[in-house]
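Here is a quick, friendly tour for anyone meeting this structure for the first time. Have the 3D view open and follow along.

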Amino acid sequence: MGAFLFQPSSLTVTPSRVVKLSLLLCLLLFTVAFVSLFTGTADISVRATLREFFPWASFLSGTLTEAETSIIMSVRLPRILLAALVGASLSVAGVVFQALLRNPLADPYILGISAGSAVGAVLGILFGTAGTWGLGMPGMAFLGALTAILIVFGIAGRTKHKENNTLLLTGVMVNAFFNAFILFVFTISDHAQLQRALNWIMGDLSLADEQALFYTSVFLLLGTVFIYTYARSLNLLVTGEETAQQLGVSVGKTKIGLLTAAALITAAAVAASGTIGFVGLIIPHIIRLLVGPDHRILLPAAFFLGGTFLIGADTLARSLVAPAELPVGVITALCGAPYFLLLLRRSLRSSP
Amino acid sequence: MNIMQVNNLGFRYGEPWVLWNLNFIIHGGEFIGVLGPNGSGKSTLLRLLDGILTPQEGQALLDGSPVHTMKRREVARRIAVVPQNYTGIFSFSAREIVLMGRSPHLRNWSFEEEHDYAVVQRVMEQTHTLALAARPLEQLSGGERQRVLIARALAQEPQLLLLDEPTAFLDIRHQVDILSLLKSLNKNEGLTVVAVTHDINLASLYCDRIILLDRGIIHDDGVPEAVLTARNIEAVYGTPVLTSRHELTGRPVVAPRAEIW
């Protein structure tokens with residue numbers, strides 16, 4: 001009678017369940033991306049665009065003007081791709097930080113790791129590698145992320161999971177310092193860039209160029225594959241570091257590898273788009289509610305839903321006050337900050 | 001058969017030695033209780049046996065190699081630890097927690113297979129936790145949670161089971177449940193058990209051998225009848241006690257003198 005309980009059922013994480021959910025969320029991502037592609041001030045015909053992409057589809061009609069093609073191909077499509085990549089990156093990084101700090105309120109932005117990357121990237125721009133993706137800017141962003149991680153884990157990494165205060169305060173201070181530093185640097189260097197700096201601090205996906213797309217996708221894919229290798233170790237780590245050791249995880253090595261990978265994908269995302277907050281907080285939490293906390297299904301689901309969420313947020317950001325644009329970080333913060341407070345209140349209530 | 005051999009083991013966090021010059025052998029099939037006052041080094045000893053801590057002196061040998069130098073995965077296939085309580089975050093179900101016990105037997109990128117589910121089914125039957133399978137761990141009572149953690153340890157299919165005060169937060173019925181379960185695993189499956197505990201009388205009833213620690217050294221080591229004497233207990237715990245015999249088993253029973261009367 002009990003035997004059927006342990007057949008790999010719908011409650012157990014199996015490869016087929018992971019693949020099915022990933023395909024479903026992938027479909028959702030493409031749907032949102034499709035809607036986003038045709039949302040904007042310029043009203044572009046869906047049929048004509050599809051015809052452009054699939055010339056053999058004779059049932060489609062109409063043609064795009066040169067301006068329309070340019071809007072689709074050089075403005076909206078790269079921006080949607082970058083939103084998908086950055087959203088996936090921040091969401092996967094959020095999953096890793098939450099597991100390693102054993103704290104559901106952790107996220108690259110709240111911890112100040114995004115701000116650290118931003119400082120690195122700004123320094124990279126200042127020291128002559130401006131705008132180019134050589135190794136200067138993403139490399140410096142990576143160093144900035146690592147610095148922030150050292151500070152956060154050095155001070156707050158050892159606290160028990162119920163003690164949120166240290167972690168959150170550390171993140172607030174790291175953020176305050178790094179953001180002040182960025183504004184300081186931009187102000188003394190060139191007044192004309194101040195607006196850009198402000199946009200960048202709140203996240204800006206309009207900077208999508210081929211190099212940004214290339215580097216974020218490479219770092220995201222390599223980082224995610226590496227992290228997924230340790231998906232089961234992440235499950236063990238959230239039940240306690242000593243428990244993870246007792247169950248066969250080399251905790252020291254695993255933590256260093258995972259932090260490096262998470263820093264890398266955060267840095268690439270920030271270098272490409274500035275600091276966009278709360279994606280890494282909201283998405284993992286929603287997925288846990290839907291499919292449970294097992295990282296083997298949580299990671300791929302967070303990857304796809306994170307991308308979908310940021311495409312949606314960016315579409316709102318560029319259409320709410322059209323023809324003007326909001327920084328996408330304004331939208332994610334408007335959703336994310338109340339969500340964060342809700343989670344914080346619940347976690348304070350449940351502590352003894 | 002020797003499971004572990006402890007040679008001249010010494011450990012300190014800072015200046016004073018927490019454990020000093022420990023020598024003993026854990027034989028296959030033994031049920032050992034480690035007793036001693038607070039701060040006598042009991043929990044530290046468990047961590048050294050599991051190889052999580054590195055000793056400054058001597059070593060604990062598992063099949064001939066120092067356990068702290070072995071790969072964690074290798075150790076976890078042979079030694080399982082039941083912690084005092086569960087400290088995880090996020091709502092894992094009891095079944096997911098027990099499945100984690102299969103981890104040292106799985107490779108990266110691989111998922112549990114039929115064999116793993118069969119092992120988990122078996123250990124959850126043994127520990128009477130099947131009915132709890134779908135429930136989140138933090139919603140279980142102390143005794144239920146402890147049984148799930150024992151099931152997870154058994155899912156590792158270890159030779160040696162280490163327990164850190166497995167009955168600390170339980171009432172007498174659940175204490176007896178847990179210890180009877182361990183005793184039956186020890187008797188029927190030949191599982192070797194080393195349990196750190198504060199409960200002298202339960203240790204006396206269920207263990208074949210008691211190691212009595214006093215400020216980091218072994219004060220005495222032997223069968224309960226030989227170790228749990230008023231003299232030993234008074235010397236180690238520093239409080240006067242009376243000893244008698246358990247009516248059914250003849251094992252020693254230790255009670256405080258309570259001289260206030």
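## Two helices side by side in chain B

In this predicted model, helix 5 (residues 142–155) and helix 6 (residues 172–189) of chain B have axes that come within 10 Å and cross at roughly 15°. An angle under 35 degrees counts as roughly parallel, so that is the label for helix 5 and helix 6 of chain B. Helix 5 of chain B makes a right-handed crossing as it passes helix 6 of chain B.

Which residues of helix 5 and helix 6 of chain B meet? From helix 5 of chain B come B:Gly143, B:Gln146, B:Arg147, B:Ile150 and B:Leu154. Helix 6 of chain B brings B:His174, B:Ile178, B:Leu181, B:Leu182 and B:Leu185 to the meeting. A bit of helix geometry is handy here: an α-helix has 3.6 residues a turn, so residues three or four places apart point the same way.

## How sure is the predictor?

For the complex, the predictor gives an ipTM of 0.91 and a pTM of 0.91. Chain B has a mean pLDDT of 93, with 100% of its residues at 70 or more. Chain A has a mean pLDDT of 86, and 89% of its residues reach 70 or more.

Take some care at the start of chain A: over residues 1–10, pLDDT stays under 50. The model has 17 contacts beyond four places in sequence for that stretch.

## Chain A, a run of helices

How many helices and strands does chain A have? The count is 14 helices and zero strands. Chain A has 352 residues, and 55% of them count as buried. If you look at contacts in chain A between residues at least 6 apart in sequence, 76% join residues at least 24 apart.

One spot to try in the viewer is A:Ala176, which sits in helix 6 (residues 164–189) of chain A. Is A:Ala176 buried, partly exposed or exposed? With a relative accessible area of 41%, A:Ala176 is partly exposed. Its C-alpha atom is separated by 25 Å from that of A:Ala88, and the two residues are 88 apart along the chain.

## The nonpolar cores

The largest nonpolar core has 155 residues. Inside this core, A:Phe97, A:Ile227 and A:Leu310 are the residues with the most contacts. Helix 3 (residues 66–101) of chain A gives the most to this core, 17 residues in total. There is also a second, separate core of 30 residues, which includes B:Ile3, B:Ile32, B:Ala60 and B:Met70. As a general rule, in soluble globular proteins nonpolar side chains tend to be buried together.

Zoom in on A:Phe97 for a closer look. Leaving aside neighbours within four places in sequence, its contacts include A:Ala106, A:Pro108, A:Leu111, A:Ile149 and A:Phe153. Also among them are A:Leu259, A:Ala262 and A:Thr266.

## Helix 3 meets helix 13 in chain A

The axes of helix 3 and helix 13 (residues 295–319) of chain A come within 7 Å and cross at roughly 135°. Helix 3 of chain A and helix 13 of chain A are therefore oblique to each other, and their crossing is right-handed.

Many residues take part. On the helix 3 side of chain A they include A:Arg76, A:Ile80, A:Ala84, A:Gly87, A:Ser91 and A:Val95. On the helix 13 side of chain A you'll find, among them, A:Leu299, A:Phe303, A:Gly306, A:Gly307, A:Leu310 and A:Asp314.

## A helix tucked away

Now for helix 9 (residues 231–238) of chain A. Eight of its eight residues are buried, so helix 9 of chain A is largely enclosed by the rest of the structure. The buried residues include A:Arg232, A:Ser233 and A:Asn235, along with A:Leu234 and A:Leu236.

What covers the buried residues of helix 9 of chain A? The cover includes helix 3, helix 8, helix 10, helix 11 and helix 13 of chain A, together with helix 3 (94–100) of chain B. After helix 9 of chain A comes A:Gly240, with a positive phi near 125°.

## Two unusual backbone spots in chain B

B:Asn8 has a positive phi, near 50°, in a residue other than glycine. B:Asn8 lies in strand 1 (residues 2–11) of chain B and is partly exposed, at 32% relative accessible area.

B:Arg215 is not a glycine either, yet its phi is positive at about 45°. Look for B:Arg215 in the loop between strand 9 and strand 10 of chain B. B:Arg215 counts as exposed, at 66% relative accessibility.

Notes
Residues are numbered from 1 along each chain as its sequence is written. Chains are lettered from A and ligands numbered from 1 in the order in which they are written. This is a predicted model: local features need pLDDT of at least 70, side-chain atom pairs count only at pLDDT 80 or more; totals for chains, interfaces and linings use all residues. Side-chain values use heavy atoms; hydrogens and water are left out. pLDDT is the predictor's confidence in each residue, from 0 to 100. Contact means heavy atoms within 4.5 Å. A nonpolar core is a set of buried Ala, Val, Leu, Ile, Met, Phe, Trp, Tyr and Cys residues joined through side-chain atoms within 4.5 Å. Buried means under 20% relative accessible area, exposed over 50%, partly exposed in between (1.4 Å probe, protein chains only). Helices (H or I, at least four residues) and strands (E, at least two) are DSSP runs, numbered from the N terminus. Axes are lines fitted to C-alpha atoms, for helices over the stretch in contact, and angles run from 0 to 180 degrees between N-to-C directions. Angles under 35 degrees count as roughly parallel, over 145 as roughly antiparallel, 65 to 115 as roughly perpendicular and the rest as oblique. A crossing is left-handed if the near helix is turned anticlockwise from the far one by less than a right angle, and right-handed if clockwise.
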